[in-house]
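Got your viewer open and a selection box ready? Let's take a walk through this one, stop by stop.

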Amino acid sequence: MRKDIYVVAGAIIREKKVYCARRGNSGLTAFKFEFPGGKNEKGESDQAALKRELFEELNIVVEVHELITNIIDQHGETYLHIATYRCSLIKGEPQIKEHTEDKWASKDELLTLDFSKADAPTLELIIERYL
């Protein structure tokens, strides 16, 4: 039976670098780098969900800007819908709690990190537009 999961992610960009973090051993994309975020709660806008998730996961406050891309990553009968937004760091420095590693990556560094294949279009747009 098909299962659709909707999540938001933040590409936090600062000084020609983008923040990314490596997942732990849980979820559909275990041990892959990602742009952090999480699931929307019922009735919550993407922007509100992203602000809340980044505060809960990384103890930071961000401003959410434009939508970069929407992708669908299929894993068997599970469809992961990921809306990635450009963000600016307003307060704090990321402190990982759920991730195993994090990095402010330059354009060249981004291309060496192990992201899921589904993130390729998002990576291309970030590099092209912001780095």
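Which element gives the largest share of the lining of the largest pocket? Strand 1 does, with four residues. Keep in mind as you click around that this is a predicted model.

**Stop one: the pocket.** Start by selecting strand 1, residues 3–14. The largest pocket that it helps to line has a volume of about 560 Å³. In total 28 residues line this pocket, and Val7, Arg23, Thr29, Glu34 and Leu80 are the closest to its centre. Show those five as sticks and you have the middle of the pocket marked out. Now colour the elements that each put at least two residues into the lining: strand 1, strand 3 (33–34), strand 4 (37–39), helix 1 and strand 6.

**Stop two: Asp4.** Stay on strand 1 and pick Asp4, which lies in it. Asp4 counts as partly exposed because its relative accessible area is 33%. Setting aside neighbours within four places in sequence, the contacts of Asp4 are Tyr79 and His81. Next, draw a distance from the C-alpha of Asp4 to the C-alpha of Ala120: the two are 20 Å apart in space and 116 residues apart in sequence.

**Stop three: helix 3.** Select residues 120–130, which make up helix 3. Which of its residues are buried? They are Thr122, Leu123, Leu125, Ile126, Ile127 and Tyr130. An α-helix has 3.6 residues a turn, so residues three or four places apart point the same way. To see what covers the buried residues of helix 3, switch on strand 1, strand 2 (17–22), strand 5 (61–75), strand 6 (78–91) and helix 2 (107–110), which are among the covering elements.

Zoom in on Thr122, a member of helix 3. Is Thr122 buried or exposed? Its relative accessibility is 0%, so Thr122 counts as buried. Leaving out residues up to four places away in sequence, Thr122 touches Phe35, Thr69, Ile71 and Thr84.

**Stop four: the surface.** Finish by turning on a surface and selecting Phe55, Val61 and Ile90. These three form a nonpolar patch there, with about 270 Å² of accessible area together. Phe55 sits in helix 1, residues 46–58, and helix 1 was one of the elements supplying at least two residues to the pocket lining. Phe55 is classed as partly exposed because its relative accessibility is 45%.

Conventions: Residues are numbered from 1 along each chain as its sequence is written. This is a predicted model: local features need pLDDT of at least 70, side-chain atom pairs count only at pLDDT 80 or more; totals for chains, interfaces and linings use all residues. Side-chain values use heavy atoms; hydrogens and water are left out. Patches are made of residues with over 30% relative accessible area and no salt bridge: like charges are joined within 9 Å, nonpolar side chains (Val, Leu, Ile, Met, Phe, Trp, Tyr) within 5 Å. Accessible areas come from the Shrake-Rupley method with a 1.4 Å probe; for residues, only the protein chains shown count as cover. A salt bridge is a side-chain nitrogen of Lys or Arg within 4 Å of a carboxyl oxygen of Asp or Glu. Buried means under 20% relative accessible area, exposed over 50%, partly exposed in between (1.4 Å probe, protein chains only). Contact means heavy atoms within 4.5 Å. On a 1 Å grid over the protein atoms alone, a cavity is a set of points where a 1.4 Å probe fits but cannot get out, and a pocket is an open set with protein on both sides within 12 Å along at least five of seven lines; lining residues have an atom within 4 Å of a point. Grid points are joined across faces, edges and corners, and a volume is the space filled by probe spheres set on the points.
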